[in-house]
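Okay, thanks for coming, everyone. Let's put the model up and walk through it together.

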Amino acid sequence: MAWKTRSGHRYYYRTRWQDGRSQTIYYGRGAEAEKQAQQDADRHREKQTRRARLLADEARVAAAELLLHQLTDWTAVLTMATLLLTGHYNHHGTWRRKAFLP
Amino acid sequence: MDAEHKLKAARAAAESQAATPETKPTGSADEADCGSAPKADPAAALRARLKDLATRANAGDHKALAELRVFLNDHPEVAEFVGNLAKIAERAWIGLVVDEGVLGRETVQRQLKKLKAELAGEHPTTLEQLLVDHIAVCHLAEHHAQMLAADVSGGTIPQAVLRLKRSESAQKRFLTAIRTLTTLRARAPAGLAPLDSIKIHTPNEKLA
């Protein structure tokens, strides 16, 4: 979507992908061209806003995920320590009781 | 792009907020100071040391087992730190699940409180309470992932697939958290025992 200057005049073109190839539509330089340019600009702005909101949401989720990962690591290691101190050992993911306590 | 910078800054902020065992839950993760310089992470160092000792002890190293006991006795602040971390994480996830609205937030908090009370029982140990808090946070994360996966309003098919995968991962993590609590209670059932348990036989008691 762009204004192109030819022989000192601005003409509006819209390019889109259709049927497996790029198509360029000519709108001239009159009221229709202005209208189409405005519509494209609005659509672009809306898309940018949506994208920014999506990225901001992603950032909040990433921060929360990080906290959850840290919490998961801590609880896992504390559970492991507690079970080891109560006379257990981990055998390929399964906790078993030691036959003889040290 | 500004939002991409925000993403990086939020990650850095979350890391720095949970960096030290002395950290108190002062606000949600997104309220943290995003401009602060990266600090050394003593909490991660403590965790790594604890993990190393536990791994060695599990491999049969008696010295490591003794060191592990001493380490846990010398660092009682770890439990408080993990408790604070759980509170911060919970607040962050509630903020995601309930975007706006006091009523929705209050409802979710009440449901969580009820869930925690049911899971913790009457006399939970410190570790059991931490595991219960962890389960609550996993529950929120799973709920959030399911909400996103069910949202068909927009996005491409790969994005929908990604949301579905996230939902599955969150569910697995939730189930793993529950299994950890169950394993602990089955293997070291200290928290479920009532404080004044009935004694059928007391060896040293003289009846007459």
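I'll talk about the core and then about one helix.

A word on the ground rules: this is a predicted model, so local features need pLDDT of at least 70 and side-chain atom pairs count only at pLDDT 80 or more, while totals for chains, interfaces and linings use all residues. Residues are numbered from 1 along each chain as its sequence is written, with chains lettered from A and ligands numbered from 1 in the order in which they are written.

So, the largest nonpolar core: 49 residues, with A:Leu67, B:Ala89 and B:Val137 having the most contacts inside it. By nonpolar core I mean buried Ala, Val, Leu, Ile, Met, Phe, Trp, Tyr and Cys joined through C-beta atoms within 7 Å; buried is 20 or more other C-beta atoms within 10 Å of a residue's own, with C-beta atoms placed from the backbone. H1(A) gives the largest share, 15 residues; helices here are DSSP runs of H or I, at least four residues, and strands are E runs of at least two, numbered from the N terminus.

Now H2(B). This helix has 17 residues and reaches 24 Å from first C-alpha to last, close to the 24 Å expected at 1.5 Å a residue (that's 1.5 Å times one less than the number of residues). Among its buried residues are B:Ala43, B:Leu50 and B:Ala57. The buried ones cover an arc of only 130° around the axis, which puts them on the same side of H2(B); the arc is taken over directions from the helix axis to the C-beta atoms. After H2(B) comes B:Gly60, with a positive phi near 105°.

Note on methods:
A residue is buried if 20 or more other C-beta atoms lie within 10 Å of its own, exposed if 12 or fewer, and partly exposed in between; C-beta atoms are placed from the backbone.
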